[in-house]
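Work through the exercises below with the sequence and the model open. Try each task before reading its solution.

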There are 2 protein chains.
Amino acid sequence: MITLTDRQNMILKAIVRDYTSSGVPVGSKALAAQLPMHVSSATVRNEMAALEELGLIAKTHSSSGRIPSVKGYRYYVDHLVQPDPIKANDIDIIKSSLEGQFLKIDEIIETSAKILSNLTSYTAFSLKPEHKQSRLSGFRLVPLGKRQVMAVLVTDNGDVESQTFNITSKITGDQLEAVVRLINDQLVGKPLDEVLTALKSDIPMQVAHYLQQPEGFLKIFGDVLTKAAQERFYVGGRLNLLNFSDSNDVDELKSLYTLMDHSDDMADVLGQPTDHIQVKIGSEMTNDILKDYSLITATYDAGNHGTGVIALLGPTRMPYSRMIGLVGAFRQELAQRLIDYYRYFDQ
Amino acid sequence: MITLTDRQNMILKAIVRDYTSSGVPVGSKALAAQLPMHVSSATVRNEMAALEELGLIAKTHSSSGRIPSVKGYRYYVDHLVQPDPIKANDIDIIKSSLEGQFLKIDEIIETSAKILSNLTSYTAFSLKPEHKQSRLSGFRLVPLGKRQVMAVLVTDNGDVESQTFNITSKITGDQLEAVVRLINDQLVGKPLDEVLTALKSDIPMQVAHYLQQPEGFLKIFGDVLTKAAQERFYVGGRLNLLNFSDSNDVDELKSLYTLMDHSDDMADVLGQPTDHIQVKIGSEMTNDILKDYSLITATYDAGNHGTGVIALLGPTRMPYSRMIGLVGAFRQELAQRLIDYYRYFDQ
DNA sequence: CTTAGCACTTGTACTATGGGAGTGCTAAAA
DNA sequence: TTTTAGCACTCCCATAGTACAAGTGCTAAG
């Protein structure tokens, strides 16, 4: 456990603030000038040497100013940062963007990611509120004319997944109905992952009683099921990555985008945030690709409809006070909005 | 109409080939060495001066080698290029990627864009075969438990669009059924754009007979309808743009990506290709953003199921002979695959 | 413990400098 | 008339050198 003197705290804080806003290593002279008490640059230099010794700041070359290290950011975020109060203007934007009469909760969550990315010029993620584990609450096949059928799967928290497919003429409506009844009798009420394992073991045999070639149907059912089982998240401002990845390394950018498209990996990155607001800095994240980025995650509470997550991905060198303030305000607005939403639709 | 001597043709061809493969302006000496007949560099210089006079090639600075101009590429593509015969390896990749047992035609079209982008390291587009104008062939509302309803719209060429929404408790099943019947009675068989205009004029009044607050329903119906009316195209290898846009201009990249996400603008760019294979070079395209890019579009024939489009977007400086060869081979493979597909499902 | 002073280090911006690649032009050769 | 050798000239580019600004660590005095 690191403990610093008051003056050291002030210096570290000033370094982080300066560097995150200017991007240039900060030197002792500039630092001395902006500190509230009167100290000489030499004194500041001594303190800086101490902070460097502790691993909180670092030099880019032997005679450069200092930049915060990951450890330094960590200490700053844990002990020093005061979230900026949100600008009245920003709160207006949030409120007005959320207030439209959305018909689906997914739309609210999706626009959330967009607003957040617009306000910050970073990349934002949003996950809708979710009970731990959703269960299958219904499956049906809707015939759509000659040979087309739509498979629709509903879960107990209202998620709907669907997919259309063509059937060969050999299959009759009766057969399909029998299969649907089978699925519903056996699997409704079960958690989705159990359904998935059932689909790999005994279900195929049973389906084979009714269909000669069950593979096609089983593939569709499996597809829809995995789609529903996946945690769906929305991404806003993907293109903003181009702004703040100062490296011109194309490959790095590519792997970042690929990462964002893999919901499994991304769920991994977001983790399961327990706190209200959580900050992960650079190498603290498991994924190596993100070593120059920081992630602010926050949960938001949707009453008895569970807890969702919003997240913000930006450069390690980000103005944490502003961003934390913004995310904090946003999660409250969103929670409020969802309560309204559910009040309306729960009747 | 420009006419060149044989030797000038050879020189222009060599310049394009050299420059597209190396990216470096080509000089008279290197050129003289590789021409089949014996000429001195001085002669080549004279010829180059003539080609420059005609606007077919240009210098990057007063004493540099030459690069082809847009006009030069145009001439090359129109008169000189010989499509490369496709590599046996590539044709294997195409065949095997297309041969899986797809259940929906969209999957074939989507993978097409992927294969094409993989083979070329460029960005590829694919549009599915389409009759000029699709018509509404059915609309229905499928109840999914308590308050959720799924709106499903089917067109006469088999496209399906759906969307779920929540209804307030005030609406009864009977009311919904009446609305569905209304829609089907009045609008089935009409082209989608007529349906859209109807939706803006007399339909709302009629729907109001059955629902107190028709706005929600009308929005959903409109959404699903516009989704169906839009030409859907697939994009493969979006990230490849990062490779070959040598400019580090982030804004340019952003507008490119934004362009690709707007299906209207993109349909504009793709145009309505009439030829089998068509090449648009740099500033020949209407859209200014694409001035450093070239687009190869090709139609593919799906028998009596209409004609689709595939396209390839790469840098102006691309190896046209290889790309044209590849696109040509691909469109044939795809057409063949679709004939198989339809034979199977049309029964 | 703080500070002034100073020698030292490093990045950056600017300025030669020379070589290489390529051109256009001229005059002679084919 | 066409081709070619020769040559002066232009421009890019990589390299080295220089000066300067910003900043550091250390020492010795306050």
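**Exercise 1: contacts to DNA strand D**

A polar side-chain atom of B:Arg45 sits 3.3 Å from a base oxygen of DNA strand D. This is a predicted model, in which local features need pLDDT of at least 70 and side-chain atom pairs count only at pLDDT 80 or more, while totals for chains, interfaces and linings use all residues. Residues are numbered from 1 along each chain as its sequence is written, chains are lettered from A and ligands numbered from 1 in the order in which they are written, and side-chain values use heavy atoms, with hydrogens and water left out.

Task: Describe the protein surface near DNA strand D.

Solution.

Step 1. List the neighbours. A residue is near a strand if one of its heavy atoms lies within 4 Å of it. 20 residues surround DNA strand D. The closest are A:Ser28, B:Ser40, B:Thr43, B:Ser62 and B:Ser63.

Step 2. Check which DNA atoms are approached. Sugar or phosphate holds 75% of the strand D atoms within 4 Å of the protein, and bases hold the rest.

Step 3. Inspect single polar contacts (a pair of N or O atoms within 3.5 Å; within protein, one must be able to donate a hydrogen and the other to accept it, and residues adjacent in sequence count only if both atoms are side-chain atoms). B:Ser63 places a polar side-chain atom 2.5 Å from a base oxygen of DNA strand D. For B:His61, a polar side-chain atom lies 3.5 Å from a sugar or linking oxygen of the strand.

Step 4. Assign elements. Helices (H or I, at least four residues) and strands (E, at least two) are DSSP runs, numbered from the N terminus. H3 of chain A and H3 of chain B each supply at least two residues of this surface. H3(B) gives the most, with four residues.

Step 5. Sort by class. Ala, Val, Leu, Ile, Met, Phe, Trp, Tyr, Cys and Pro count as nonpolar, Asp, Glu, Lys and Arg as charged, and the others, Gly among them, as polar. The surface near DNA strand D has three nonpolar, twelve polar and five charged residues.

**Exercise 2: contacts to DNA strand C**

Task: Which residues are the closest to DNA strand C?

Solution.

Step 1. The closest are A:Thr43, A:Ser62, A:Ser63, B:Ser28 and B:Ser64, out of 20 residues that surround the strand. Of the strand C atoms within 4 Å of the protein, 77% are sugar and phosphate.

Step 2. Take the phosphate. A:Thr43 has a polar side-chain atom 2.5 Å from a phosphate oxygen of DNA strand C. An N or O atom in the side chain of B:Ser28 is 2.7 Å from a phosphate oxygen of the strand.

Step 3. Take the sugar. A polar backbone atom of B:Ser64 lies 3.5 Å from a sugar or linking oxygen of DNA strand C.

Step 4. Find the main element. H3(A) gives the most to this surface, with four residues.

**Exercise 3: chain A against chain B**

Task: How many residues of each chain are in contact, and how are the copies related?

Solution.

Step 1. Count contacts (heavy atoms within 4.5 Å). 40 residues of chain A touch 39 residues of chain B.

Step 2. Find the buried area, which is the accessible area (1.4 Å probe) that two parts lose on being put together, summed over both. The two chains bury about 3,300 Å², with 59% of it on carbon and sulfur atoms.

Step 3. Look for charge pairs. A salt bridge is a side-chain nitrogen of Lys or Arg within 4 Å of a carboxyl oxygen of Asp or Glu. Zero are found across the interface of chain A and chain B. Polar contacts there number ten residue pairs (both at pLDDT 80 or more).

Step 4. Sort the side of chain A that touches chain B. E6(A) gives the largest share, six residues. The classes are 19 nonpolar, 14 polar and seven charged residues.

Step 5. Superpose the copies by least squares on the C-alpha atoms of residues with pLDDT of at least 70 in both. A rotation of 180° with 0.0 Å of shift along its axis places chain A on chain B (RMSD 0.1 Å). The copies are therefore related as by a two-fold rotation axis.
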